[in-house]
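Dear colleague,

I am passing on the structure we spoke about, and below it I have set out what was found, with the salt bridges first and a helix afterwards.

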Amino acid sequence: MPENKIEEEIINVLWIKPQDTQLKIVPRPGSPLEELVDEPLILSYDNQMNYPFTTTLTLMRQLQSALGDEATLHGSILNLSAVPREDFAHKTWQENYLGDVYKEIPFGYSTIECRRIGKDISEIDTLDEIVQRQDLVVIPISFETHVNEVARLGKYLKERYGDSVKVMASGTGVEGHEEHLLNEGLDVVFIGEVTDKGEQVLKAIKQEDYKTLSSLPGVFSDLGGYRARNLGARNFRRDPESRAKNIIEWNRNIGKYMEFAPISFEFVGRPDLVNPESSVHPVIQHCNAFQDVDYGTLTNILPEGEEIYLAADDISVQKGCQENCDFCHAAGRGVANQDAEYINKMVDFYKSMGATSMIVTSDQLLFKVAYNIKAAKQYNEILKHIRKLGMHVLYGNGESFSLLAKIIDNAREGSEEQRRVYAELLGNRAETMPYAYYPFERLEAMVGRAGETGLGKLRGGLEAYLKVLEHTDRVAEGRGHNIEIGTNIILNPEEGKEDMERFYNFMDPIANEFSHLTIRYNAFFLIPSNAAPHIKTLKEKYGAGLYSEKHPELKVVSIPQITPQGEDARYLEKQLAENIAAAKSSKSKRMLGGGAYYPKEPI
């Protein structure tokens, strides 16, 4: 077969979103949680609404851009985790979309019950028809919480369809689990990125050219007898020299993935999610997470308000992140520019699908904007376009306090051009801001030295934090309604009761200082992610104390999961109880129940 020649014009790929897992902790006699909770406590959901499918659509477009005229990619999207919007809004989804307990995880004296949310793959009536027309089935996950579900789905598909279909797992959530997934029967585990020759991976699988497949970055596979165990081109586990070389090559070639190519896709297998009377595409209409959680912010806006929020990770003038935070999977993978015209076309596309608003999730959204006036002008054009379309933006983990504070300083104290550009940017940002704002903070900016977590995180960044609060308070006053701001810190594994109380006591007076802000604050726990550089250090320091290595379902920020030497899960249970107790005794209007927030009083 001629090299780089595909057999057919169409490449059919099925993307499957696995079911989410509800984590419910049931205190038993002797548990320190017994006195804190009156009934079993929902700890967390491990996903963010329709986020995986905006990512899928973005990756499809990048693949089609790189494929060019060689082939047309057709994507089918099967969402196993979603529940109908109507059931979500009226809180009746549990009747038909919450499964029985499938796993119990011991947690000190307590038990964590795992239940699947959504629709099991065995319940998809048209699965045979859907799968049989595919060249590849992809199960992508962003978080390790889903990895056991990926293994279960892959095994089910291979046992049912055998070699008639190729099954691939992908995403940052599968890193460190490659051999387990291959042993469960999956054909390929891909830990690379689409913009690092992802289209060549797709073509090689389509052509059954397993020799070429085995040479591509990020591929783990034994297909065709070729053993491939290849790190991603820019993976942190590569030696610095080869990673730097690959980042240069990535920057040189990124343009081929960034043409705004038309994409062909359909929503399949879930007629219960298709509302013929709605103009909103079912890919983004339905909700995947936070279904039980009654804290009156985004959860209530989503089901009961008129707005359709879309979690978009591509609304940024740059790709990648300059920072090297060792807890983040994006650390050290390089930075590339992204054109404002491309982003505006993406916003138009989301609007055409029925989205009225977006949650911006791009890493370091403001880094380049804060320090480069050309980038600030580009970002301003994007905000003006969003404003023109009448859309809102929930500014989330793409914004840091320190960078927004830098932009505020530029608007007040910069050169004449800076004052004009940054003041206009802040004005457009204010007009597109809805009722909530969830920024994050780079650890280095808050503590003054790399790698520190915990309470020290608020020390160095207090000035920037207060500056952002004062600015947002004025925005809220101008908008005529309160704005909610979420503030969280990451706790070190050893931090206990006194540290947690100190954090809440520190935040209490700040939270009540601004009349137009609802400030909610919680302490979260470090996640030992296999996709992040810190995993090597954590494994060396804690070894068998990484409790969630045995139970990846627990890899969510709400659950402590690292035990110091000589301790067991009772230590983790006590740490969770201390955090809940500290939150309850504070003046926070939102209390911590793991990742499930519930208000002390109505908003």
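R116, D120, E149 and R152 are joined in a network of salt bridges, and I should say at once that the model is a predicted one. Within that network, E149 pairs with R152, their closest N and O atoms lying 3.1 Å apart; both residues belong to helix α5 (residues 147-161), where they sit three residues apart, about one turn of the helix. E149 is buried, with a relative accessible area of 4%, whereas R152 is partly exposed at 27%.

A search of the whole structure gives 33 salt bridges, and two others may interest you. E341 and K345 are four residues apart in helix α12 (residues 340-352), again about one turn, and their side chains meet with an N to O distance of 3.9 Å, which counts as a salt bridge because the cut-off is within 4 Å. Here E341 is exposed, at 51% relative accessibility, while K345 is partly exposed, at 36%. The side chains of R229 and D222 also form a salt bridge, at 3.2 Å from N to O; R229 is partly exposed at 23% relative accessibility, and D222 is likewise partly exposed at 39%.

Turning to helix α18 (residues 462-479), its 18 residues should span 26 Å at 1.5 Å a residue, and the end C-alpha atoms are 25 Å apart, which agrees. The buried residues of α18 include Y465, K467, H471 and D473, and just after this helix G480 adopts a positive phi of about 80 degrees.

With best wishes

Technical notes
Residues are numbered from 1 along each chain as its sequence is written. This is a predicted model: local features need pLDDT of at least 70, side-chain atom pairs count only at pLDDT 80 or more; totals for chains, interfaces and linings use all residues. Side-chain values use heavy atoms; hydrogens and water are left out. Helices (H or I, at least four residues) and strands (E, at least two) are DSSP runs, numbered from the N terminus. The expected span of a helix is 1.5 Å times one less than its number of residues. Buried means under 20% relative accessible area, exposed over 50%, partly exposed in between (1.4 Å probe, protein chains only).
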